[in-house]
Structures are given as structure tokens and as C-alpha cells.
Amino acid sequence: MKNRITDANFPRTGDGRVYHLGLRQGEVANRIVTVGDPSRARRISKFLDASPEPFVLQSERGFLTITGKYSGTPISIIAIGMGIGNMDFFVRECRESLDGDMAIIRLGSCGSLVPELPVGSLSLPKACVGITRNYDYDFTAATTESSTYRSSNPPYSISRLVEGHQPLQLHLKEVTEATRPEGASDAAVRADFVNASADSFYSSQGRQTSFPDHNEGLVSELLERVPGVATLEMETHHLFHLAAVYPKPPSELPLKSTASRPVLTRPEGEISATGSAPKSETEQEHSRASRGAIYATAIQMIFAQRQSQDFITPEEVVLRENWAGKACLEALVKFNVQSTQPDEGSVWA
Ligand code: R1P
Ligand code: URA
């Protein structure tokens, strides 16, 4: 950390950069494709317009932001690494770095639990559950009875469902189908399954290692308890959850409407997001108010088939990342997002 931080509640540098992503207002667009792997972000960024030259920022904490234009519309591609914690940093710090609506598509890899999704297929989950390890369970116990999963103190907890934004999901599916490349003519593209996001690649995804994880029956328990569950990965549930609980602006716009609606702006004289003065009561009120809606969906590439034990080849990865990456960009720029961000002073101006 090189720059002085001025606010312990929501830390920013004096010049308005958020603490972990390193961004400030005007460096992140309202439309965002988020991925785990930085090389996936760089690959997709090749589809951005050549002019203006995309802005690239690798934060000290490893988040990579690439912001440019796609077909003339500002868009950001952000690689966040892995896990719920990183998804949390990404959503909150981007939300506080821009005004207006946010449309976020997560393009990630996942494991498949069902034969309908072989390696190389794409799944756009309609909803997610979260699977978390219960630290109050005695993991040193000798055995796991199958009934333990339903006891009052199970080793893993499976959350209730949270839905993604269906209009954005269906729109993305349409664009994905329409941009299918040669070489993927038989790849399944499904939008009817549920995803489970786990807090580990291993234990809470039911993988067996030398740790006493008491997870032998976890996958069958998941399949039994969550109708339609088909994929396992690590971040999408938290994205859907944060988008679903985020307060909606007074009159939220539906997809592709051209009607205008009031967007919350900063009260006259209030310090900007990049300022560093202590917060007034009005400002605290404002920071709790909605800055716009958050629309979130996901597209997942099946890398691992947990029944057949197949794993995707590097060549298949490149083809899917290019295909799904371009579809995400196309879908986002055609999606109606209310941006209140001025072009002036932004990296896409
Ligand atoms: C695990 O290998 C990682 O792959 C999946 C999981 O969610 C986890 O982050 O997503 P990404 O390919 O986007 O990283
Ligand atoms: N990512 C995951 O989290 N799980 C898998 O099985 C594959 C990719």
C-alpha cells in the first residue's frame, strides 16, 4: 500500500481509489463482464474497440480491470480471482465507484453433476444456492452418518435459492446461441439449471482429499434437496445474492424500455465519491441509498464432469472463452442500462 487511506469505514486513497480493486470513478463502466482468471480477461479484451485504447489496471491485491468500449459502448472486464471474498470485494467496490445501474455477467468455469451438461457445454444458471462449511461441526468425529446432513448440526449448510436477473439471462442465452462458432456445433447451451456455489473447490464440492471433510454424501444430498441443481463453482451465488438484496431505485426500468426514470444523484454540495472529508449525516444516508439497480446473471463453461471424471482440454477452453466472452460483450451492450456517469474525465472518453 503506497497511498494514504482516509476513511476506515470504506477505505479510499486521497485521490478516490478503492482499497482492493484500486479503481476510482470513471475507470469502471456500468456494464461489466467478471471472470476468475486474468488470462481469460485479457483474451476477451481483444474484442474491445481499438479506440480509445483500453485502460488496464492490475491492483496490488491482484484484481485486473480492463475498461474500454465494445461497439462504441463503455464496458469493463474484471478478473477477480476466486472465492466468495473476492466476489464481495468486486461487487461492493465497483458499486461505490459508479453511479446508475450495473449489469454484471459472470463468465466462469464450473463442474457438472448431470449428463445433460458434458465437458464443453455452457450453462446459464437461473438461480443459485450456496454451500458453506459448518465450523461448529466436529470434523474430528470418526464417521459421518448420512442422516448427519439433515441434523441440526450438519457438516455443510445448503442455503435457500436466489434467482439471477431472468431478462438478462434469457437475452444472453439468445446472443450465445446466435454466436455459436464452428467447432462447437454440438455444445449444449442450457438456461434451465440451478448452480451451487461452494466455499471450497474441494470439501464443500464433495471432492475427496486426505482431510476429514465428512463430505462423502454431500453431492447426493445436494441433488436430492435442490431440484434442478446441475453445476458447482464458487462465486455466482454471492453475486446473485448481493444483486438481489441491493435496494432498487424508486422506479426500476424493465429491459429495453426507453422510458426515463429518476436516478439518485448526490445532493448539491455533497462531497464526491472521490473526496475524503468526514461523512455528514446526509452523506451517510446517501451512501445507504440505492445508486441504481444491479442486474446479474452468469454463463458457466463446464470444465469438469463429476460423473464421467472428464476434464476439458486447453483447446476447448480457448474456443469457449472466445465464444462466451464475445457473447457477454454483445449481450451487455444491447442491454438497457441507465448510466449516469459522465464521459468527461472517464477512461473511455
Ligand atoms: C476454481 O478452479 C475456480 O474456477 C471457477 C470457480 O468458481 C473457482 O473460482 O471459476 P473461474 O473459472 O471463473 O475462476
Ligand atoms: N470450478 C469449480 O469450482 N469446480 C469445478 O469442478 C470446476 C471448476
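**Exercise 1.** In this predicted model, find which strands each supply at least two residues of the shell around ligand 2.

*Solution.* Start with the shell itself: S109, C110, G111, F201, Q205, R207, L232, E233, M234 and A304 surround ligand 2. Next, look for strands that supply at least two of these residues, and you arrive at β5 (102–112) and β12 (229–233). Of the elements, β5 gives the most, with three residues. Finally, sort the shell by class: five residues are nonpolar, three polar and two charged.

**Exercise 2.** Work out which residues place polar atoms by the nitrogen and oxygen atoms of ligand 2.

*Solution.* Take the side chains to begin with. R207 has a side-chain N or O atom 2.7 Å from an oxygen atom of ligand 2, while Q205 brings a polar side-chain atom to 2.9 Å from a nitrogen atom of the ligand. Now turn to the backbone: a polar backbone atom of L232 lies 3.5 Å from a nitrogen atom of ligand 2. As for cover, ligand 2 has 240 Å² of accessible area on its own, and the protein covers 92% of this.

**Exercise 3.** Describe the pocket whose space ligand 2 takes.

*Solution.* First identify the site: ligand 2 takes the space of the second largest pocket, which holds about 450 Å³. Then go to its walls, where 23 residues line the pocket and R40, M82, S109, F201 and F303 lie nearest the centre. Elements giving two or more lining residues are α1 (38–45), β5, β12, β13 (294–305) and α7 (314–333). The largest share, five residues, comes from β5. To finish, classify the lining: nine residues are nonpolar, six polar and eight charged.

Definitions and conventions:
Residues numbered from 1 in each chain as written. Chains lettered and ligands numbered in written order. Predicted model: local features only at pLDDT ≥ 70, side-chain atom pairs only at ≥ 80, totals over all residues. Heavy atoms only, no water. Near = heavy atom within 4 Å. Polar contact = N/O pair within 3.5 Å; in protein donor to acceptor, adjacent residues only side chain to side chain. Areas by Shrake-Rupley, 256 points an atom, 1.4 Å probe, with all protein chains shown as cover. 1 Å grid on protein atoms, 1.4 Å probe; cavity = no way out; pocket = protein on both sides within 12 Å on 5 of 7 lines; lining within 4 Å. Sits in = over half its atoms within 2 Å of the grid points. Helix = DSSP H or I, 4+ residues; strand = E, 2+ residues; numbered from the N terminus. Nonpolar A, V, L, I, M, F, W, Y, C, P; charged D, E, K, R; others polar. Points joined across faces, edges and corners; volume = space filled by probe spheres on them.
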